[in-house]
Amino acid sequence: MRKSQLICSLLALALCLLPAGCRSREAEKPAAPEKVTLIIKTPPIGLGNIPDVGEAEVYDLIMAAAERFRAQYDRCDVEFVVSRYDYLDEQAQLVDKYGTPEAADLFFAGSWNLPLYVQRGWMVPLDDIISEELRSDIDESIWRQNTIDGKVYTLPFHQLQNTLMVNREMMEAAGLEAYIPKDDAVACWSTEEFRLICRELAKSLTDENTFAFMMYAANNQGDSHIMTLLRAYGCPLYDKNGNFTVNTPEGIRALEWIREMDEQELIPRGAENLELLDCINLFYNRQLAICVGNLTNMWDTRNRGIDAFAANFPSLDGEGYCAASTNGFCLFDNGDEEKIRVAKDFLQYLYTDEELMKYTLGTIPVNNSVIRQYQDEIWMLRAYGENTSHVVNSVQSNRNWQGVRDVFYIQINDLLTGQKTPGEAGEAIDAGCNAALEKGRTDAG
């Protein structure tokens with residue numbers, strides 16, 4: 001009897017302990033939240049013509065990515081709130097709303113202000129979601145563009161590579177066939193070769209309203225391309241401390257060259273009153289032989305019936321430069337670890353989905369694997385992909401790039417109008433741009 005009572009007591013005790021044990025284990029495992037809302041914001045960045053999609057913007061990419069991600073994600077129920085803001089509204093949409101319920105969790109970076117946001121501690125580094133496979137699939141120069149203080153803060157999605165566009169028929173009419181690349185490659189010219197090409201083009205042009213080369217200085221649009229041109233005589237643009245160093249023999253020689261092109265009428269008359277888009281339209285209208293442009297512009301040129309090829313900006317060694325930047329996804333630190341985890345999962349998923357990666361094909365993919373997959377189907381994709389090693393980045397990690405832009409173009413304008421000599425313009429560029437950089441450093445603390 002005692003033995004039977006003991007067994008019953010032990011069974012009862014076990015039954016009492018079992019639910020408690022289950023509850024204890026359940027308490028240790030955090031319950032997945034029922035819903036996480038991710039707010040994603042983007043300016044209206046165009047992505048060009050996407051295979052099987054058509055003309056698209058980043059907004060279209062994000063909406064497609066959100067739908068595909070939700071369909072396969074089981075960690076929680078994710079709601080996406082996606083919106084576009086005008087470029088001029090970045091302060092109102094990102095900065096002013098930081099720390100409020102309307103703050104962005106992710107944004108697609110077409111922003112020069114990211115280094116400032118990082119300095120303020122607002123951004124989440126993304127190194128922990130970059131696999132070795134992804135790291136090796138993207139050129140190291142692109143990773144450097146998106147790295148601040150040794151950490152990656154923008155997951156690059158596509159690159160914007162600006163070379164020069166050259167009218168092939170005008171080159172042939174000027175007897176310059178020897179400088180035309182074969183097989184849709186990007187031409188590389190030395191500075192002296194480029195000067196000869198411009199002179200010969202000008203000699204062959206009979207229309208007084210048609211010119212050899214672009215130039216503009218009405219506003220700050222396209223200013224980084226003029227900065228790339230200043231490298232033609234060996235000016236590195238920046239010194240080792242990250243300050244502008246145009247007031248050097250090499251930089252002043254480049255500024256003298258711009259003045260010479262104006263005096264020799266190699267560039268449009270009154271170029272100080274033109275903006276970048278004016279020059280692109282002149283090229284489309286066959287009134288410029290050479291103009292800055294990217295792969296999308298090249299396609300537009302082809303669709304307009306103009307036979308054009310790409311060329312790098314000139315350099316002393318003949319290798320040449322192209323002005324380039326990348327856009328991609330950035331993650332705000334809004335203090336919610338679950339949101340950050342879900343946002344990282346979203347980004348990791350996006351880069352594994354072949355249909356979503358097609359959205360890079362309207363511009364230039366950063367992933368070498370995507371370029372290889374489609375390079376035989378898309379005109380000039382192989383050539384631009386192989387041109388990445390010629391990339392220079394004028395923005396670097398500056399904390400006040402807008403301030404730089406506000407003063408740089410004014411000096412080029414003064415140079416073209418004769419208000420400043422090349423030496424005075426070089427001195428003013430360094431003084432004004434470096435003051436803007438220092439203000440950015442000071443404001444960032």
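1. Two residues are in contact here when they have heavy atoms within 4.5 Å of each other. A nice place to try that out is Lys344, which touches Val124, Pro125, Asp128, Ile129 and Leu331, leaving aside residues up to four places away in sequence. You will find Lys344 in helix 13 (residues 337-350); helices (H or I, at least four residues) and strands (E, at least two) are DSSP runs, numbered from the N terminus. Is Lys344 buried or exposed? With a relative accessibility of 9%, Lys344 counts as buried, where buried means under 20% relative accessible area, exposed means over 50%, and partly exposed is in between (1.4 Å probe, protein chains only). Its C-alpha atom is 21 Å from that of Arg120, and these two residues are 224 residues apart along the chain.

2. Before going on, a word about what you are looking at. This is a predicted model, so local features need pLDDT of at least 70 and side-chain atom pairs count only at pLDDT 80 or more, while totals for chains, interfaces and linings use all residues. Residues are numbered from 1 along each chain as its sequence is written, and side-chain values use heavy atoms, with hydrogens and water left out.

3. How far can you trust it? pLDDT is the predictor's confidence in each residue, from 0 to 100. The protein has a mean pLDDT of 91, and 92% of its residues reach 70 or more. Be careful with residues 6-27, though: pLDDT stays under 50 there, and the model gives that stretch zero contacts beyond four places in sequence.

4. Now the overall picture. The protein has 18 helices and 14 strands, and its C-alpha trace spans about 120 × 50 × 35 Å along the principal axes. Of the 445 residues, 54% are buried. If you take the contacts with a separation of 6 or more, 75% of them come from residues 24 or more positions apart.

5. On to the surface and the charges. About 20300 Å² of the protein is exposed, and carbon and sulfur atoms supply 47% of that (Shrake-Rupley method with a 1.4 Å probe; for residues, only the protein chains shown count as cover). There are 40 positive and 68 negative charges, and their mean positions are 8 Å apart. For this count Lys and Arg are positive and Asp and Glu negative, with His and the chain ends not counted; each charge is placed at NZ of Lys, CZ of Arg, CG of Asp or CD of Glu.

6. How many disulfides are there? The count comes to zero, with a disulfide taken as a pair of cysteine sulfur atoms within 2.5 Å. Look at Cys188: its closest cysteine sulfur, in Cys322, is 9.1 Å away, so that is too far for a bond. Cys235 has its closest cysteine sulfur in Cys433, 11 Å away, again too far for a bond. As for their surroundings, Cys188 is partly exposed at 32% relative accessibility, whereas Cys235 is buried at 2%.

7. Helix 11 (residues 276-284) is worth a click. Its buried residues are Leu276, Cys279, Ile280, Leu282, Phe283 and Tyr284. What covers them? The cover includes strand 8 (155-167), helix 9 (223-229), strand 10 (288-293), helix 12 (295-303) and strand 11 (308-311).

8. Two backbone angles deserve a look. Most residues other than glycine have a negative phi. Arg286, just after helix 11, takes a positive phi of about 65 degrees, although it is not a glycine. Arg286 sits in the loop between helix 11 and strand 10 and is partly exposed at 39% relative accessible area. Leu237 is not a glycine either, and has a positive phi of about 75 degrees. Leu237 belongs to the loop between helix 9 and helix 10 (249-263), but it is buried at 0% relative accessibility.

9. Finally, two more buried residues to practise on. Thr191 is in helix 8 (residues 191-204) and counts as buried at 1% relative accessibility. Beyond four places in sequence, Thr191 touches Ala232, Tyr233, Pro314, Ser315 and Leu316. Ile148 is in strand 6 (residues 147-148) and is buried at 5%. With the same neighbours in sequence left out, Ile148 touches Leu114, Pro115, Val118, Tyr153, Ser397 and Arg399. The C-alpha atoms of Ile148 and Asn327 are separated by 15 Å, with their positions 179 residues apart along the chain.
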